[in-house]
Amino acid sequence: SFQPEAIALSEVGGRIYLAAISSDEAALGELGQPLSPLELEGRSPRHLAGRGGTFALLVREPVSSAPWILLHDATGPRRHALPLRVTPEAVAISPEGDRLMLGFRMAQLTLRSGETGAESESMPSPHEGNIRSVAWSESGDRLAAVSKHTLSLWDPRDLRAPVFSQR
């Protein structure tokens, strides 16, 4: 039986959808209804995020460990499967579900399209070491990242430098 290890929620039109992952499975469905398994094509789920009618699942290939981001509509259909060159440590979705923020080892941060997965921008980072978590504010007017010793905030309209950084 399915034993979830992580969950994410996304609201669409007043309805709440839930995605859940375990070490080898993922499922999606409306809150209070049975969850439907997602086809992972042999990949292992690692992380998931949900927002704005979108779920992003970070998965890895079984043999090569190549990372992918699978973008799903909250109602289930996969929108895009995006191969990555480097495995992100953290993923967050904008409130509208139209952009992804990925945090990587070596303090790298990037924004990608939530529709196609295409990289739109790399962000300068005051961080040292691995990005541990990334987040969007509820209003979508701030992005945040945290590493072992640094917290930083950005205005998504101007990503040339953080608006706040604290060590």
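Reader: Is Glu-119 buried, partly exposed or exposed?
Author: Happy to start there, keeping in mind that this is a predicted model. Buried residues fall under 20% relative accessible area and exposed ones over 50%. Glu-119 has a relative accessible area of 38%, so the residue counts as partly exposed.

Reader: Which residue meets the side chain of Glu-119 in a salt bridge?
Author: A salt bridge needs a side-chain nitrogen of Lys or Arg within 4 Å of a carboxyl oxygen of Asp or Glu. Here the N to O distance is 3.7 Å. The partner has 11% relative accessibility and therefore counts as buried. That partner of Glu-119 is Arg-112.

Reader: Which residues are joined into one network by salt bridges that share partners?
Author: In this network, the link comes from salt bridges with partners in common. The members are Glu-41, Arg-43, Glu-61 and Arg-78.

Reader: How many salt bridges does the structure hold?
Author: The pair of Arg-112 and Glu-119 is one salt bridge, and Arg-79 with Asp-73 is another. For the whole structure, the number is 11.

Reader: How many residues apart are Arg-51 and Glu-138?
Author: These two form a salt bridge, with their closest N and O atoms 2.7 Å apart. The pair links distant parts of the chain: Arg-51 belongs to strand E5 (residues 44-51), while Glu-138 sits in the loop between strand E13 (131-136) and strand E14 (143-147). Along the chain, they are 87 residues apart.

Reader: Why does Arg-51 count as buried, and why is Glu-138 exposed?
Author: The cut-offs are under 20% for buried and over 50% for exposed. Glu-138 is exposed because its relative accessible area is 68%. Arg-51 counts as buried because its relative accessibility is 15%.

Reader: What is the relative accessible area of Asp-73?
Author: Asp-73 forms a salt bridge with Arg-79, where the closest N and O atoms are 2.9 Å apart. Arg-79 is partly exposed, with a relative accessible area of 26%. Asp-73 is partly exposed too, and its value is 23%.

Reader: How much space lies in the largest pocket?
Author: Its lining includes Arg-112 and Glu-119, along with Pro-83, Leu-84, Arg-85, Val-86, Phe-104, Gln-108 and Thr-110. Those lining residues divide into 4 nonpolar, 2 polar and 3 charged. The space in this pocket is about 150 Å³.

Reader: Which residues make the nonpolar surface patch of about 290 Å²?
Author: A patch residue needs over 30% relative accessible area. Phe-164, in strand E16 (residues 164-166), is partly exposed because its relative accessibility is 35%. The residues of the patch are Val-146, Leu-151, Val-163 and Phe-164.

Reader: Where is Ser-65 found?
Author: Ser-65 has a phi near 60 degrees, a positive value in a residue other than glycine. At 32% relative accessibility, Ser-65 counts as partly exposed. Its place is the loop between strand E6 (54-60) and strand E7 (67-73).

Reader: Does Met-106 count as buried or exposed?
Author: Met-106 is not a glycine, although its phi is positive at about 60 degrees. The residue sits in the loop between strand E10 (99-103) and strand E11 (109-113). With 72% relative accessibility, Met-106 is over the 50% cut-off and so counts as exposed.

How values were computed. Residues numbered from 1 in each chain as written. Predicted model: local features only at pLDDT ≥ 70, side-chain atom pairs only at ≥ 80, totals over all residues. Heavy atoms only, no water. 1 Å grid on protein atoms, 1.4 Å probe; cavity = no way out; pocket = protein on both sides within 12 Å on 5 of 7 lines; lining within 4 Å. Points joined across faces, edges and corners; volume = space filled by probe spheres on them. Nonpolar A, V, L, I, M, F, W, Y, C, P; charged D, E, K, R; others polar. Patch = residues over 30% accessible without salt bridge, like charges linked within 9 Å, V, L, I, M, F, W, Y side chains within 5 Å. Areas by Shrake-Rupley, 256 points an atom, 1.4 Å probe, with all protein chains shown as cover. Helix = DSSP H or I, 4+ residues; strand = E, 2+ residues; numbered from the N terminus. Buried < 20%, exposed > 50% of the residue type's maximum accessible area, 1.4 Å probe, protein only.
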